[in-house]
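I have my notebook open and a fresh page ready. Let me write down what I look up, one entry at a time.

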Amino acid sequence: IFMENNLRRAIENQELTVYYQPIIDIKTGKIKKAEALVRWEHPEDGIISPAKFIPLAEETGLIIPLGSFVLKEACQQLQDWINMEYHPIEISVNLSAQQFHKSNLKETVDNILDETGLNPELLGLEITESIAIQNVESTISVLNEFKNMKVKILLDDFGTGYSSLSYLVKFAVDIIKIDRSFITNFPHHSKRSAIVSAIIAMANKLTMKTVAEGVESWDKIKCLNEYKCDEAQGYLFSKPIPAKEFENLLKNNIEFK
Ligand code: G
Ligand code: G
Ligand code: MN
Ligand code: NA
């Protein structure tokens, strides 16, 4: 209860802030997207990781206002960067199960796009396989609504859930994010390399794009490029950083090469 009230207050007092992690176009080395990742700037305890408060937010329903805050903040931030005519990018925002299945998410997203003026094609929503399979019928219909709106869908942490590959046909997914666990030890671990190359080949055949998560070294980039992976994200390029720092990367038209 103590923590719950603290989190409630944090949302009201605007102690939540959004960090951004670059997602790189492997071919050009340029920034292609920013993933929005929430942080709690606690007045005494400093920065608190979402891993510590997202589960609580989900249990208490606070994830609905929290999630709307992150969506609005990320869309507004990207529109600001577009207005400043920085190197153009897209944004992606993580969703939780409740937001996806139990709130009027389409209306929320519609309103935020309206208020911020952001082009829907520049917004991506990240859902995990476990969110998607919680209610397959609901997932199919929500994803089709976003497809009609031209909002992109990213399947996060791909390969760690229990979903059947047949869902890739049923669900209107645009981008597969290959989970960090497959990228760690890759390309030296031959079984992991086989899985990574197979996921990328499958995605390409399904005309989906791929993002490799958790990339921490250049040898991985070289190999991912050979496998025809489109984009990469990880500490090799940057950890999640505050908006102002991210803005400097855009301003300087940074190329990671
Ligand atoms: O950024 P970090 O590695 O600390 O994130 C930890 C976890 O919290 C990740 O699984 C990430 O997807 C999740 N997370 C970060 N920001 C958000 C958010 O705005 N909404 C939801 N639902 N999850 C988030
Ligand atoms: O679950 P999700 O993919 O949304 O989690 C994203 C989180 O993964 C980021 O918030 C970040 O803290 C973490 N992350 C991003 N890149 C790396 C990386 O290269 N190595 C590690 N260990 N974690 C990363
Ligand atoms: Mn994510
Ligand atoms: Na992930």
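**Around the ligand**

I began with the shell around ligand 1, where H2 supplies the largest share, 3 residues. I reminded myself that this is a predicted model.

Which elements supply at least two residues each of this shell? I found strand S2 (31–42), helix H2 (50–60) and helix H3 (63–83). The list of residues around ligand 1 includes Leu37, Val38, Ser49, Pro50, Ala51 and Ile54. Further along the chain I noted others, among them Asn94, Leu95, Ser96 and Pro240. Then I sorted the shell by residue type: 8 are nonpolar, 4 are polar and none is charged.

**Strand S5 and its partners**

Next I looked at strand S5, residues 123–128, and asked how many of its residues are buried. I got 6 of 6, so I wrote the strand down as mostly covered, with 20 or more other C-beta atoms within 10 Å as the cut-off for buried.

Why do the side chains take turns? In a regular strand they alternate between the two faces of the sheet. I could follow this in S5: Leu123, Leu125 and Ile127 point one way, while Gly124, Glu126 and Thr128 point the other way.

I then checked the pairing. S5 pairs with strand S4 (residues 90–94) in the parallel sense, over 4 bridges. With strand S6 (residues 152–158), S5 also pairs in the parallel sense, over 5 bridges. Glycine 124 was a handy marker for me: it is the bridge partner of serine 92, and it stands opposite lysine 152 in S6.

**Methionine 3**

I found methionine 3 in helix H1, residues 2–12. Is it buried or exposed? Methionine 3 counts as exposed because it has 11 C-beta neighbours inside 10 Å, and the cut-off for exposed is 12 or fewer. I also looked up its distance to phenylalanine 53: the two C-alpha atoms are separated by 8.7 Å, although the residues are 50 apart along the chain.

**Backbone oddities in loops**

My last stop was the loops. Between helix H7 (136–149) and S6 I came to lysine 150, which has a positive phi of about 75 degrees without being a glycine. Lysine 150 is exposed because just 11 other C-beta atoms lie within 10 Å.

The loop between H9 and H10 holds asparagine 185. Asparagine 185 is not a glycine either, and its phi is positive at about 70 degrees. With 12 other C-beta atoms within 10 Å, asparagine 185 is exposed.

Proline 187 is also in the loop between helix H9 (180–183) and helix H10 (190–205). A cis peptide bond joins it to phenylalanine 186, with omega about 5 degrees.

Note on methods: Residues numbered from 1 in each chain as written. Chains lettered and ligands numbered in written order. Predicted model: local features only at pLDDT ≥ 70, side-chain atom pairs only at ≥ 80, totals over all residues. Near = placed C-beta within 6 Å. Nonpolar A, V, L, I, M, F, W, Y, C, P; charged D, E, K, R; others polar. Pairing = 2+ DSSP bridges.
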